[in-house]
Amino acid sequence: MVEMNSLQALFGGTFDPVHYGHLKPVEILANLIGLQRVTIMPNNVPPHRPQPEATSEQRKHMLELAIADKPLFQLDERELRRDTPSYTSQTLMEWRAEQGPTRPLGFIIGQDSLLNFPTWHQYETILQNSHLIVCRRPGYPLTMKDEQYQSWLEAHLTHNADDLHNLPAGKIYLAETPWFDISATLIRERLQNALPCDELLPTPVLDYIRQQGLYQKSTDASG
């Protein structure tokens, strides 16, 4: 049972398809910092990326299958119901309004996303509504490209996970989570080439992909 004022976190993405590289680091993160609930929010129209191959309904169903036996996770469909680009700043503003001003909220991102964070739409409003919980990735630098953004990072950085529980928003925490070298692109390529993916994503998701004929080579492809 999730306590009324416990830390909750949001985890967004395209999830095309969802895989263990999404799920396992967040499960480990939850154990590391005492996170009781993670809300998975699939994007509908991601502003910065190519459009998903699977439909919104298919990606939602794959997520439902992936988290069916994982009580840590719950699914939020609000971005799938939009027909406009999904901006994190807008979503977190809505989420904060729903949860009230005092509940600790976190937004989970990868270290690669942190380095590009100042390019996000209205990025400066995000820390007003949540903490940033960053899953470390080997090979990525810990410094921002621009000095003003490095100052911004250092001003909000905390090394104490208790701050995430005791404050409603405003901190950046770098979590020492393991890196799983899995990507949706890799999975789609392997499926197109009829290579096994059993170790890369949950079995019910893989069964559904096969049942739906997702990520297959198109019949008119040359070669």
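Biologist: I would like to learn to read a sheet from its bridges, so to speak, starting with one residue: what stands opposite alanine 9 in β4?

Modeller: Opposite alanine 9 in β4 stands glycine 106. This is a predicted model, in which local features need pLDDT of at least 70 and side-chain atom pairs count only at pLDDT 80 or more, whereas totals for chains, interfaces and linings use all residues. Residues are numbered from 1 along each chain as its sequence is written, and side-chain values use heavy atoms, with hydrogens and water left out. Strands (E, at least two residues) and helices (H or I, at least four) are DSSP runs numbered from the N terminus, and two strands pair if DSSP finds at least two bridges between them. By that rule β1 and strand β4 (residues 105-110) pair in the parallel sense, over three bridges.

Biologist: Which residue of β2 does alanine 9 stand opposite, and how many bridges join β1 and β2?

Modeller: In β2, alanine 9 stands opposite valine 38, and phenylalanine 11 has isoleucine 40 as its bridge partner there. Strands β1 and β2 (residues 37-42) pair over six bridges, again in the parallel sense. Together with helix α1 (residues 20-33), these two strands make a right-handed β-α-β unit, where right-handed says that, with the strands pointing away from the viewer, the path from the first strand over the helix to the second runs clockwise.

Biologist: Why is β1 largely enclosed by the rest of the structure?

Modeller: Burial is read from relative accessible area (buried under 20%, exposed over 50%, partly exposed in between, with a 1.4 Å probe and protein chains only). Strand β1 (residues 8-13) has five of its six residues buried, and is therefore largely enclosed.

Biologist: In what order do the seven strands form the sheet?

Modeller: The order is β3-β2-β1-β4-β5-β7-β6, in an open sheet with parallel pairing. Strands β3 (73-75) and β6 (157-158) stand at the edges with a single partner strand each, so each has one side without a neighbour in the sheet. Helix α2 (residues 56-67) packs on this sheet and touches β2 and β3, its direction making about 155° with that of β3. Contact here means heavy atoms within 4.5 Å, while axes are lines fitted to C-alpha atoms, for helices over the stretch in contact, and angles run from 0 to 180 degrees between N-to-C directions.

Biologist: How should I read a loop residue such as proline 17: is it buried or exposed?

Modeller: Proline 17, which lies in the loop between β1 and α1, is buried, with a relative accessible area of 0%. Leaving aside residues up to four places away in sequence, its contacts include Met62, Arg188, Ile209 and Tyr215.

Biologist: Where do the two residues of the salt bridge between glutamate 53 and arginine 188 lie?

Modeller: Side chains of opposite charge can pair when their charged atoms come close. The criterion is a side-chain nitrogen of Lys or Arg within 4 Å of a carboxyl oxygen of Asp or Glu, and the structure holds 11 salt bridges. In the one between glutamate 53 and arginine 188, N and O are 3.3 Å apart. Glutamate 53 sits in the loop between β2 and α2 and arginine 188 in helix α8 (residues 184-192), 135 residues apart, which links distant parts of the chain. Glutamate 53 is partly exposed at 47% relative accessible area, whereas arginine 188, at 18%, counts as buried.

Biologist: Which residues are linked in a network of salt bridges?

Modeller: The network links Asp76, Arg78, Glu79, Arg82, Glu94 and Glu98. Within it, glutamate 79 and arginine 82 have their closest N and O atoms 3.8 Å apart; glutamate 79 is buried at 4% relative accessibility, and arginine 82 is buried at 12%.

Biologist: Finally, which residues of helix α9 are buried?

Modeller: In α9 (residues 203-212) they are Val205, Leu206, Tyr208 and Ile209. Seen down the helix axis they fall within an arc of 160°, so they line one face of α9; the arc is that of the directions from the axis to the C-beta atoms. These buried residues pack against α2 and α8, while Thr203 and Gln211 are exposed on the other side. Just after α9, glycine 213 takes a positive phi of about 65°.
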